[in-house]
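Me: Please take a close look at one part of this model for me. I would like the buried interior and its cysteines, step by step.

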Amino acid sequence: MAAAIALSLRGRGLSTPNPNVGCLIVRNSQIVGRGWTQAGGRPHAEARALDQALDRAHGATCYVTLEPCFHLSPRGPRCADLLVRAGISRVVIALRDPDPRTDGQGADYLRARGLAVEMGLLADDAGAAMAGFVLRQTLGRPHVTLKLGMSLDGRIALPDRSSRWITGPAARAHAHMERARHDAILVGGGTLRADAPRLDVRLGGLEARSPRRILLSRGEAPQGWERIGAPEEIATLDRVDHLLVEGGADTAAAFLRADLVDRLLLYRAPIVIGAGLAGIGDIGLTDLSQTHGRWRRIDSRTFGEDRLEVYERMTAA
């Protein structure tokens, strides 16, 4: 299942509006098929894995990160039907589908046709891998990652707004990889005017995975951009399940103030700037007790002299 979850991440940022699912078909302790949800949501992971397995799927076990879909769609067959027709004998599912069109019905359908079904293996890990889909189904909005590149003293630019480059090339390359895993990327009007950012993915072979560009502003968006007027309007963004917020300080503060940040990426360079632009503006706190118990560090790593710390929200939105 861990391998299936790793496969699912290949579709993150591409599979929306469908979840980024991963699937492995195993027969006699050998992997005979593997798949993940393709760009635009089709084919599904199970369909890809079964196409690879062919007749070796008969009597095999399917490991899949999300309950196989049960609802009818003009875009393709139900994965529950495909597994039955292929002769799969056992299905191990990580996460029950929160989409009410499936939500347990896929597993029940398989059991009714004689397949052994287990559900819940590494469910939390699978849910984290497709966090945007889960949040869209449960809260009606995308999963939001806030990315900040800062000095040791929390500055993102000099007083004159000069900010290139705070972190080194290895950290910036990792940030571009993060861009490739998101459906859309957002900055505020101040960042757009000051930096004219491209917000694309500049890693060899991944240029086509550049996310859609979103502007948080009351003014008009330039050509090639989409605009929202407030953080809460992210719920209206079509086909956006994973949103990356990159700048600037007021925009970061606005999303934190609205309690709409699910994950923090903090890139810190070993420099001290002193007077300069803070990474985050006023988020409206009046008591330090409000700050505790909000974030949990889930990862940390180094990129040359720079350090990345990753935090996830501990309390529900």
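Reply: What follows goes through the interior, from the core to single residues.

This is a predicted model. Start with the largest nonpolar core, which has 41 residues. Those with the most contacts inside it are Ile25, Cys62, Ile88 and Val91. Several helices each supply at least two residues of this core: α1 (2–8), α2 (45–53), α3 (79–86), α4 (105–112) and α5 (123–129). So much for helices. The strands β1 (22–27), β3 (61–66) and β4 (90–95) each do likewise. Apart from this core lies another, of 23 residues. Leu186, Leu216, Ile228 and Ala249 are among its members.

Now take valine 91. Not counting residues up to four places away in sequence, valine 91 touches Cys62, Val64, Pro68, Leu83, Leu110, Leu115, Ala116, Val117 and Glu118. Cys62 is thus on the contact list of valine 91, and Cys62 is also among the residues with the most contacts inside the core.

Next, the cysteines. A search of the whole structure finds zero disulfides. Cysteine 23 is in none; its nearest cysteine sulfur belongs to cysteine 62, 3.5 Å away. A disulfide needs the two sulfurs within 2.5 Å, so this pair does not count. Cysteine 23 counts as buried because its relative accessibility is 0%. Cysteine 79 is in no disulfide either; the sulfur of cysteine 69 is the nearest cysteine sulfur, at 3.7 Å. Cysteine 79 is buried too, with a relative accessible area of 1%.

From cysteine 23, move to glycine 33. Glycine 33 is found in strand β2 (residues 30–36). At 0% relative accessibility, glycine 33 counts as buried. Leaving aside neighbours within four places in sequence, glycine 33 is in contact with Cys23, Leu24, Ile25, Ala49, Gln52 and Ala53. Ile25 appears here, and Ile25 is also among the core residues with the most contacts. Leucine 50 is 17 residues from glycine 33 along the chain, yet their C-alpha atoms are separated by 6.1 Å.

Last, the rings. The structure holds one aromatic pair. Arginine 78 also takes part in ring contacts of another kind. Its charged end sits over the ring of phenylalanine 70, 4.4 Å from the centre. Arginine 78 lies over the face of tyrosine 109 as well, at 5.1 Å from the ring centre.

Notes
Residues are numbered from 1 along each chain as its sequence is written. This is a predicted model: local features need pLDDT of at least 70, side-chain atom pairs count only at pLDDT 80 or more; totals for chains, interfaces and linings use all residues. Side-chain values use heavy atoms; hydrogens and water are left out. Helices (H or I, at least four residues) and strands (E, at least two) are DSSP runs, numbered from the N terminus. Buried means under 20% relative accessible area, exposed over 50%, partly exposed in between (1.4 Å probe, protein chains only). Contact means heavy atoms within 4.5 Å. Rings of Phe, Tyr and Trp (its six-membered ring) pair if their centres lie within 6.5 Å; planes under 30 degrees apart count as stacked, over 60 as edge-to-face and the rest as tilted. A charge sits over a ring if NZ of Lys or CZ of Arg is within 6 Å of the ring centre and within 35 degrees of the ring normal. A nonpolar core is a set of buried Ala, Val, Leu, Ile, Met, Phe, Trp, Tyr and Cys residues joined through side-chain atoms within 4.5 Å.
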